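Work through the exercises below with the model open. Try each task before reading its solution.

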Amino acid sequence: MRPAAFITGITGMAVVAGLLLAGEARLGGGTAGEETASAEERATAAADAAPKAGERATMSDDRAEMIARSVEPTAPPSQAPSDGGTPKPADAPQQAETPAGETPSPTAKEAVELARPMVDNAGILSFGERRLLLAGIVPTPTDRICGPTGRQWPCGMMAKTALRLLLRNRSVSCDLETVEWKETVTTACRLGTEDLGLWLAENGWAEAAVGSPPMAAAEKARQAGKGLYGDDPRRN
């Protein structure tokens, strides 16, 4: 064999072996190369998409809406009144008209006509076993004595007589919750339009209760020397 042919053959075999090795290396590293290229491409795309220093970031309306929906908190489900949730104001129980522990308002009084009242004293009328204390005054006891020593007189009895002469067994109108009252009730009574308690105070035949409407009238009577505050009317 010639030397030239031998060298040519060895060279060809070396070229073929080199080609085979190069192909194997290319086949084995192809996937890694592609992955590396993909990562590099994504990084490059992200870098290109990010705003550069000094530039305003821009975003489309659709993109912004998608981001807002993705981060929007989910609203909790509404609670039904039966699951222990706080009831709505409309579902709250209504307050009773009269709270527990409170006394209901008393029955409104009405004017009741009462016939033939008896006068116990200047301030108390009687109807059998029942009695009415005239409102706003302090009844004058029948045994009360008025006047200075030596000029005393039975002002209590005179006050009773004055009221009895005013009534003369005529009917009176009294403010009552019921006509079936028991024992003694304090109320206002009138003879026509004349308030009996006020009449007694104005004429000095009874003292006014503290803080009552007849107080001013009783004070005028005292200053004028009427009734209990004056002399024995039998001597006039």
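**Exercise 1. Salt bridges**

Task: Count the salt bridges in this predicted model, then place D120 and R131 in the chain and grade their exposure.

Solution.
- Step 1. Apply the cut-off: a side-chain nitrogen of Lys or Arg within 4 Å of a carboxyl oxygen of Asp or Glu. By this rule there are 6 salt bridges.
- Step 2. Take one of them. D120 and R131 meet through their side chains, with N to O at 2.7 Å.
- Step 3. Place the partners. D120 sits in strand 2 (residues 118-121) and R131 in strand 4 (residues 130-134). They are 11 residues apart, and the pair links distant parts of the chain.
- Step 4. Grade the exposure. Partly exposed covers the range between buried, under 20%, and exposed, over 50%. D120 has 25% relative accessibility, so it counts as partly exposed. R131 has 31%, so it too counts as partly exposed.

**Exercise 2. A salt bridge within a helix**

Task: Find how E219 and R222 are spaced in helix 6, and state the exposure of E219 and of R222.

Solution.
- Step 1. Check the contact. The closest N and O atoms of E219 and R222 are 2.6 Å apart, and the two form a salt bridge.
- Step 2. Count along helix 6 (residues 215-224). E219 and R222 are 3 residues apart there, so about one helical turn separates them.
- Step 3. Read the accessibility. E219 is at 33%, so it counts as partly exposed. R222 is at 43%, so it is partly exposed as well.

**Exercise 3. Exposure across a salt bridge**

Task: For the salt bridge of D232 and R234, decide whether D232 is buried or exposed, and do likewise for R234.

Solution.
- Step 1. Confirm the pair. The side chains of D232 and R234 form a salt bridge at 2.8 Å, N to O.
- Step 2. Grade D232. Its relative accessibility is 4%, so it counts as buried.
- Step 3. Grade R234. Its relative accessible area is 54%, so it is exposed.

**Exercise 4. Disulfides**

Task: How many disulfides does the structure hold, and which pattern do they follow?

Solution.
- Step 1. Search the whole structure. The result is 2 disulfides.
- Step 2. Take C146 and C155. Their sulfur atoms lie 1.9 Å apart. The S-S bond has 65 degrees about it, and the link is right-handed. Both cysteines, C146 and C155, are buried.
- Step 3. Take C174 and C189. Their sulfur atoms lie 2.0 Å apart. The torsion about the S-S bond is about 115 degrees, so this disulfide is right-handed.
- Step 4. Place this pair. C174 is in strand 6 and C189 in strand 8, so the bond ties together parts 15 residues apart in sequence. Both C174 and C189 are buried.
- Step 5. Count bonded cysteines along the chain. The pattern is 1-2, 3-4.

**Exercise 5. The neighbours of strand 6**

Task: Which strands pair with strand 6, among them strand 1, and how covered is strand 6?

Solution.
- Step 1. Look at strand 1. It runs antiparallel to strand 6, and 5 bridges join them. E113 has S173 of strand 6 as its bridge partner.
- Step 2. Look at strand 8. Strand 6 pairs with it in the antiparallel sense over 2 bridges. C174 stands opposite C189 in strand 8.
- Step 3. Check the cover. Of the 5 residues in strand 6, 4 are buried, and the strand is mostly covered.

**Exercise 6. The open sheet**

Task: In what order do the 4 strands of the open sheet run, and which strands are at its edges?

Solution.
- Step 1. Read the order. It is 2-3-4-7, with mixed pairing.
- Step 2. Find the edges. Strand 2 and strand 7 (184-187) each pair on one side only.
- Step 3. Note the twist. It averages 30 degrees from one strand to the next.
- Step 4. Inspect one pairing. Strand 2 and strand 3 run antiparallel, joined by 3 bridges. M118 stands opposite S126 in strand 3.
- Step 5. Add the helix. Helix 4 packs on the sheet and touches strand 2 and strand 3. Its direction makes about 165 degrees with that of strand 2.

**Exercise 7. The nonpolar core**

Task: Which residues of the largest nonpolar core touch the most other members, and which element gives the largest share?

Solution.
- Step 1. Start with the core. It has 29 residues, of which L114, L125, L196 and L200 touch the most other members.
- Step 2. List suppliers. Those giving at least two residues each include strand 1 (110-114), strand 3 (124-127) and helix 5 (196-202).
- Step 3. Find the largest share. Helix 4 supplies it, with 6 residues.
- Step 4. Zoom in on L200. Leaving out residues up to four places away in sequence, L200 touches A122, G123, L134, I137, L163, W205 and A206.

Note on methods:
Residues numbered from 1 in each chain as written. Predicted model: local features only at pLDDT ≥ 70, side-chain atom pairs only at ≥ 80, totals over all residues. Heavy atoms only, no water. Buried < 20%, exposed > 50% of the residue type's maximum accessible area, 1.4 Å probe, protein only. Core = buried A, V, L, I, M, F, W, Y, C linked by side-chain atoms within 4.5 Å. Contact = heavy atoms within 4.5 Å. Disulfide = S-S within 2.5 Å. Pairing = 2+ DSSP bridges. Axes fitted to C-alpha atoms, helices over the stretch in contact; angles between N-to-C directions.
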